[in-house]
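Have your viewer ready and your selection tool at hand. We will walk through this structure stop by stop, with a note on what to select at each one.

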Amino acid sequence: MPPLPAAAAAISIAARTVDAVKVYGRGDTAVRALDGITADFTAHQFTAIMGASGSGKSTLLHCLAGLDRLTAGQTFIGGYELGQLNDRQLTLLRREKVGFIFQSLNLVPTLNALDNILLPLTIAGRKPDPGVVDGVVQITGIGDRLRHRPSELSGGQQQRVAAARALVSRPEIIFADEPTGNLDSKASGELLGFLRKAVDDLGQTIVMVTHDAFAASHTDRVVFLADGRAVQEMRSPTTDSVLAVVRHLGE
Amino acid sequence: MFKVSLRSLLSHKLRLVLTAISIILGVTFVSGTLVLTDTIRNTFEGVLSNVDKGVAVQVKGPAPATAAGRLSGASLPLPESVLAQVRKVSGVADAVGTVERSGVSLLSNGQVVGGTDQRTLLGLNWVSDPQLTTFELTSGTAPRTADDVVINARTATDGHLVVGQQIQVSFEASAAQTFVISGIATFGGQNSIASEGFALFTLPTAESLLEANSTFDVIDVSAQSGVTDLQLRDRVAAALSGSSVQVQTGAQAASQTEQNAVTEINLFIGTPLLVFAFIAVFVGSFLIANTFSILVAQRTQELALLRALGATRGQVFTEVITEATLTGIFASVVGFLVGIVVADGLIHIFSSSAKLSVQLNALIVSLLVGTIITVIAAVAPARRATRIAPVAALRQAEPEIQGLPRTRIGAGLVLFLGGTAGLLQSLFTASAAAGPNLEVLGLSVLAIFLGTALLAPILVRPVATVLGWPARLRGAPGRLAGENARRNPRRTALTSAALMIGLALVTAVAVITASLEASINQSIDGTVRAQLVVLDEGSGGFSPEVATTLRQDPKLADISEIRGTDVLVGDIATGVTGFDTGNIGRVLTFSMTAGSAASIATTTNTTIVDSTEAASENIHVGGTVTMTFANGDKVNMSVGGIYTPDALISGFLVSLDTLNPHLTTARDADIALNPAPGVSLPTAQASLLNDLRAYPQLSGLTRTQYKNLISAGLNTFLNLIYVLLGLAIFIAVVGIVNTLALSVLERTRELGLLRAVGMTRGQTREMVAWESVIIALLGAVLGLAVGSGLGIALVSALHSDGISQTAVPGNNLILYAVAAGLFGIVAAIFPAIRASRVDILRAVTTE
Ligand SMILES: Nc1ncnc2c1ncn2[C@@H]1O[C@H](COP(=O)(O)OP(=O)(O)O)[C@@H](O)[C@H]1O
Ligand SMILES: [Mg+2]
């Protein structure tokens, strides 16, 4: 692997955007999905991104995670400015520094749960550290399902496998886009508990998009978006306090 | 939404083209073959309609006594006196005799014009009566003096020969004589006679050069006005009654010639090409079946929705079959048109003067073949579509991981075992004379292929695991490729099976040629004692004067002429070979199972026969067989011995003294010889080659060179098979491209996910390439196994006919497997690029 470009800055900031602008389409049909967002995501913290549908949450997450590129502005992960990286370097960055949990269809159907969990390591050609793997499997509580294929797992189990996969390579930051979106409240609770534990016990950094106030209440900090801008922030959120802001923003 | 439809439309177009390509290629082969044979036939018919113009009656000699069950047409020579008799018949305007013998070579600067492997020309006498000749001069004059020759236009152009030029002419390797080209001619407007060249001489020259000995091969008769062809035929027949000559009207003669020509065209060009065309279409049908299966799987939700909205199973079935029918018709029409273009190109290569003949028949056959095959191949997927439950519409569409229904395995076993039984039955119970029943043989092989294709899914898992093992060493891409190949065993198996067919046939032919080569080599090392052999690489026999020349060379010894002819033994048409038995032990050795080989040397009218023939004709030492020769001679031969046949020596063997009295013309097929005592092989060969300088048609070879010549010939044959099966293999490779492209389309999300979690584009391409290689290698494994089995079965069936060695050419098989792997990589290029370009965001966002 060629060396990534030299680090720029940042110590306890795991990811950052500066004046991030993302425009889809052009001319009359152009949509400014991100309209100059500047935000920091502190290391070892669980951050939620909230906002109305279409406010740019997913777009922000994708650009932060190196899945998409900004129209203007900058994003950083662990000191690397993503705009400076080519496709291969971005891919290697995703592999080494970033974990993902998507809303659904997170898993490779041909691989069993364990192989799915180990996938980033396999792709990178790295030997899994048995201790780390056991730890992750322990927390997710899917130890008895490791040999099952995704089609034999419930939605909640699938999301926990996805979470375990995101964790197992010990990335600098994990991005989750509505990971509980397709789950019932019990499964949601379990997954959120697991993510919370990953931050508290393993010191993981997690950024999660959600539109669910209950989900947001599990985080350390909530960033509210509206029309592609960061409009408000809240620390130590509770379901009620989040709902209050959401209601206020909706007006 | 528009973007989505457009994208789907584009992928549909690609899908249509990929699906159609296999059928287009197969139908192209079919239509090209039909147009080609129609054109050849038409050209020939056009020529013949010229031929019979002025000929009212044609007289030919009696059919040879040995003609039973053979292509008719050949006849024995007519004595000159017949011509005089015919001329006296009332109503005859003119009658001319013609000598026509093939075996004429043109030599220039001691070389054969056109090379040693060039077909010889047909030699004839020039007929000046314009009513009774089809030859027309295009330049120069008719042959007038004894050393004038007129040659056909194509030979003249190809050999850069011009009027007035001197040229050497030799008939069946007799001593060359110098001629002057007096003119250049066409035959009914064609520059050759059905691509055979010709040389025309004055009658006396033709008589002596072509060794006609005051005989004719044909007498053409024209009628006085007022006399019909039929009347004249009856009068001529009456005048010649008592002799067994054949008398026909010109029209009858022409139609017989035409029929023979058509039979020959079909036998040597039409049928073999159609067999290979059929193989290509058959392979294409696998591709069709696979594509429609994948389409049905991908459209599960859509079809389920239709069902949920009240569509009946019948309607769903009709939907899929209609799509197949339209694809089939479209592909057949395109294939038909491309076939015409290909045939046109081929015809221009071989003869520029032929006019393309496109018959309605060719269109109908092409349309039927292409459409029916497509529809049949789509039936199974269509039936699967009808079984989609309406609730499937509500489920998340997951790329399915399939199991294998038992009925399928059962059907596969039945076909495979039934095919194997049919194959063995047709091979091993075949009578020596008739040979195996080709229809049963072909159908059995077909059943074996279908059975293997149905059973192949069982093998996908283990084989993909084994073949995937080296891929795994390459990390995640190889690992995932193995899983992908296994996730849908039917799809992988069907794709592999298409490649299997081409490779199996190539392998079978390779096994057969290798076994043949090994058997011949064994024969050369075992049976043949002579260290040198003289033969004509181009065509059949050569004049005995060659042997006479060699006998005068003190450096050579044991000059042994070998000549053969057709005979009837009882009423079975077979051949008999005669050779100089004086040198028998130094030229040939036999392993006798009964009697002695020396018996034919010591007693005339004695024969030895191979053990297989002896067994099938119930012949024993001390018994008698009756041989009927072409000229009608019936000879009782006593059986002096029975020997074990090998690849070169089999059948009835007699001494030359026994054979010669019954031959119309003595022609040697080979001469076997040795260096004179005390002369080294190189010295002897140098001397031999010096003697043969006067006969450039002939080669003088050592045993090693003879072996090399045979393996070169077998290799040429193998290469021809590669070319003919190339299309079937190409179609199979297109099939891999198609399957992978559709799979990539189906797995867009998954590919995006892999890219998101860190798979590079290179790794993605590598993953698709490995899957492709696994599919191709599975095809290779199946093909090599089935092909070796077929080849070994065929060779075993020939054991008793002297093909004693079974050789599996390991190098070739390794080569095929490597080639298959490379095909896999090539097939993966396009799908791999597509896979590496999937839009990650589209993959990970839920629509
Ligand atoms: N690929 C795209 N092309 C055009 N517009 C897009 C695309 N993706 C998102 N958008 C638009 O950008 C805005 C933000 O979308 P998104 O980030 O998905 O919002 P959220 O996740 O907050 O619902 C929306 O108006 C959406 O319509
Ligand atoms: Mg979103």
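What follows is a tour of a predicted model, going from an overall view to single residues.

**Stop 1: chain B as a whole**

Start by colouring chain B by secondary structure: there are 24 helices and 24 strands to look through. Turn the C-alpha trace along its principal axes and you will see that chain B spans about 100 × 70 × 50 Å. Of its 847 residues, 53% are buried. Among contacts in chain B with a separation of 6 or more, 81% are between residues 24 or more positions apart. If you switch on a surface, chain B exposes about 35,500 Å², and carbon and sulfur atoms supply 61% of that area.

**Stop 2: the nonpolar cores**

Now select A:F175, B:F449 and B:I501. Within the largest nonpolar core, which has 151 residues, these three touch the most other members. Add helix α20 of chain B, residues 703-746, to the selection: with 15 residues, this helix gives the core its largest share. A second core, separate from that one, has 41 residues, including B:L161, B:A212, B:L232 and B:L240.

Zoom in on A:F175. Which residues does A:F175 touch, not counting those up to four places away in sequence? Show A:L61, A:L64, A:A65 and A:I77, then A:V98, A:G99, A:F100 and A:I101, and finally A:V207.

**Stop 3: a threonine in helix α20**

While α20 of chain B is still on screen, pick B:T739, which lies in this helix. Is B:T739 buried or exposed? It counts as buried, because its relative accessibility is 3%. Leaving out residues up to four places away in sequence, B:T739 touches B:N290, B:I294, B:R491 and B:T495.

**Stop 4: ligand 1**

Move to ligand 1 in chain A. Around the ligand, display A:Y24, A:V31, A:A33 and A:A52, followed by A:S53, A:G54, A:S55, A:G56, A:K57, A:S58 and A:T59. By class, this shell holds 4 nonpolar, 6 polar and 1 charged residues.

Three distances deserve a label, each to an oxygen atom of ligand 1:

- From a backbone N or O atom of A:G54, the distance is 2.7 Å.
- From a polar backbone atom of A:S55, the distance is 3.3 Å.
- From an N or O atom in the side chain of A:T59, the distance is 2.5 Å.

Taken alone, ligand 1 exposes 550 Å², and the protein buries 57% of that. Colour β2 (31-42) and α1 (57-64) of chain A, the elements that give two or more residues to the shell. Helix α1 of chain A gives the most, with 3 residues.

**Stop 5: an enclosed helix in chain A**

Select residues 87-97 of chain A, helix α2. Why is this helix largely enclosed by the rest of the structure? Because 8 of its 11 residues are buried. To see them, show A:Q89, A:L90, A:T91, A:L92, A:L93, A:R94, A:R95 and A:K97. At the start of α2, look for A:N86: a side-chain oxygen of this residue reaches to within 3.1 Å of the backbone nitrogen of A:R88.

**Stop 6: two buried strand residues in chain B**

Go to B:N152 in strand β8, residues 148-152. Its relative accessibility is 1%, so B:N152 counts as buried. Show its side chain together with that of B:T155, and you will find a polar contact of 2.4 Å joining the two. Setting aside neighbours within four places in sequence, B:N152 is in contact with B:I184, B:A185, B:N191, B:S192, B:G197 and B:F198.

Next comes B:V654, found in strand β22, residues 652-655. B:V654 also counts as buried, at 1% relative accessibility. Beyond residues up to four places away in sequence, its contacts include B:V576, B:T577, B:G578, B:F579 and B:I600.

**Stop 7: two loop residues to check**

Finish with backbone angles. Most residues other than glycine have a negative phi. A:H44 has a positive phi, near 65°, and sits in the loop between β2 and β3 (46-51) of chain A. At 54% relative accessibility, A:H44 counts as exposed.

For the last selection, take B:N618, in the loop between α17 (611-617) and β20 (624-629) of chain B. B:N618 is not a glycine, yet its phi is positive, about 55°. It counts as exposed, because its relative accessibility is 57%.

Definitions and conventions:
Residues are numbered from 1 along each chain as its sequence is written. Chains are lettered from A and ligands numbered from 1 in the order in which they are written. This is a predicted model: local features need pLDDT of at least 70, side-chain atom pairs count only at pLDDT 80 or more; totals for chains, interfaces and linings use all residues. Side-chain values use heavy atoms; hydrogens and water are left out. A nonpolar core is a set of buried Ala, Val, Leu, Ile, Met, Phe, Trp, Tyr and Cys residues joined through side-chain atoms within 4.5 Å. Buried means under 20% relative accessible area, exposed over 50%, partly exposed in between (1.4 Å probe, protein chains only). Helices (H or I, at least four residues) and strands (E, at least two) are DSSP runs, numbered from the N terminus. Contact means heavy atoms within 4.5 Å. A residue is near a molecule or strand if one of its heavy atoms lies within 4 Å of it. A polar contact is a pair of N or O atoms within 3.5 Å; within protein, one must be able to donate a hydrogen and the other to accept it, and residues adjacent in sequence count only if both atoms are side-chain atoms. Accessible areas come from the Shrake-Rupley method with a 1.4 Å probe; for residues, only the protein chains shown count as cover. Ala, Val, Leu, Ile, Met, Phe, Trp, Tyr, Cys and Pro count as nonpolar, Asp, Glu, Lys and Arg as charged, and the others, Gly among them, as polar.
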